[in-house]
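Hi everyone, thanks for coming. Today I'd like to walk you through how some helices pack, and then we'll look at a pocket. Please have the picture in view while I talk.

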Amino acid sequence: MLNQIYNVLVSERICSSQVEFSRVWLGSSSRYYSNVRATGRQPSIQVLTSLALRLERLAATLAERNPRSATANRLRRCADTVWGNIDQRSLCRTPRRRTVRSASVLAQIAALAIKRAGCASGALRVRRQCQRHIGAE
């Protein structure tokens, strides 16, 4: 996706180099775009958001000057592509459900560990402390 947008900007003579694209359009370091291409990683959501906003801003400026501007339309389509990518990635990134153990289960685990070490009274003490610290059910 970034390659396509970079190519559009170059073909429209809006951007002249990967360094300029990285700094001005992506709002990142001068080698960000080349690094993303070389490693095959996806650009960050922050970078994509910056790119989409800049594309929309330029498209709006060009459309004010010439409502039938083909360049403005191409830039709007590019911005829509970026927003679509952001939406798709945000839907895919749902947090994993953490396994939460109750206080009694944690206390039993601690008690078993101490019993294995050979100290029954220590197991009861650890179990009570664990229940107080975590909060008994």
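Let's begin with helix α1 and helix α3: α1 passes α3 in a left-handed crossing. Which residues make this contact? On the α1 side they are Leu2, Asn3 and Tyr6, and on the α3 side they are Tyr33, Val36 and Arg37. Sorted by class, that gives four nonpolar residues, one polar and one charged. Before I go on, please keep in mind that this is a predicted model.

Now for the geometry of that pair. Helix α1 covers residues 2–11 and helix α3 covers residues 32–39. Their axes are 11 Å apart, and the packing angle is about 140 degrees. Angles over 145 degrees would count as roughly antiparallel, so α1 and α3 are described as oblique to each other.

Let's stay with α3 and bring in another partner, helix α2, which spans residues 18–25. How do the axes of α2 and α3 cross? They come within 7 Å and cross at roughly 110 degrees, which means α2 is roughly perpendicular to α3. From α2, the residues Gln18, Phe21 and Ser22 meet Tyr32, Tyr33, Ser34 and Arg37 in α3. This contact has three nonpolar, three polar and one charged residues. If Tyr33 and Arg37 sound familiar, that's because α3 uses them in its contact with α1 and in its contact with α2.

Back to α1, and this time its partner is helix α4, residues 45–65. The two axes come within 13 Å and cross at roughly 30 degrees, so α1 and α4 are roughly parallel to each other. Here, too, α1 passes its partner in a left-handed crossing. The residues in contact are Leu2, Ile5 and Leu9 of α1, together with Leu48, Leu51 and Leu55 of α4. What classes do they belong to? Six are nonpolar, with no polar and no charged residues in this contact.

Finally, the pocket I promised. The largest pocket has a volume of about 170 Å³. It is lined by 13 residues, and those nearest its centre are Met1, Leu2, Val36, Arg41 and Pro43. Which elements give two or more residues to this lining? They are α1, α3 and α5, the last of these being residues 70–92. Helix α3 gives the most, with three residues. By class, the lining of the largest pocket divides into six nonpolar, four polar and three charged residues.

One residue to look for on your screen is Leu2: it takes part in the contact of α1 with α3, in the contact of α1 with α4, and it is among the residues nearest the centre of the largest pocket. Thanks for listening!

Conventions. Residues numbered from 1 in each chain as written. Predicted model: local features only at pLDDT ≥ 70, side-chain atom pairs only at ≥ 80, totals over all residues. Heavy atoms only, no water. Axes fitted to C-alpha atoms, helices over the stretch in contact; angles between N-to-C directions. Helix = DSSP H or I, 4+ residues; strand = E, 2+ residues; numbered from the N terminus. Parallel < 35°, antiparallel > 145°, perpendicular 65-115°, else oblique. Left-handed = near helix turned anticlockwise from the far one by under 90°. Contact = heavy atoms within 4.5 Å. Nonpolar A, V, L, I, M, F, W, Y, C, P; charged D, E, K, R; others polar. 1 Å grid on protein atoms, 1.4 Å probe; cavity = no way out; pocket = protein on both sides within 12 Å on 5 of 7 lines; lining within 4 Å. Points joined across faces, edges and corners; volume = space filled by probe spheres on them.
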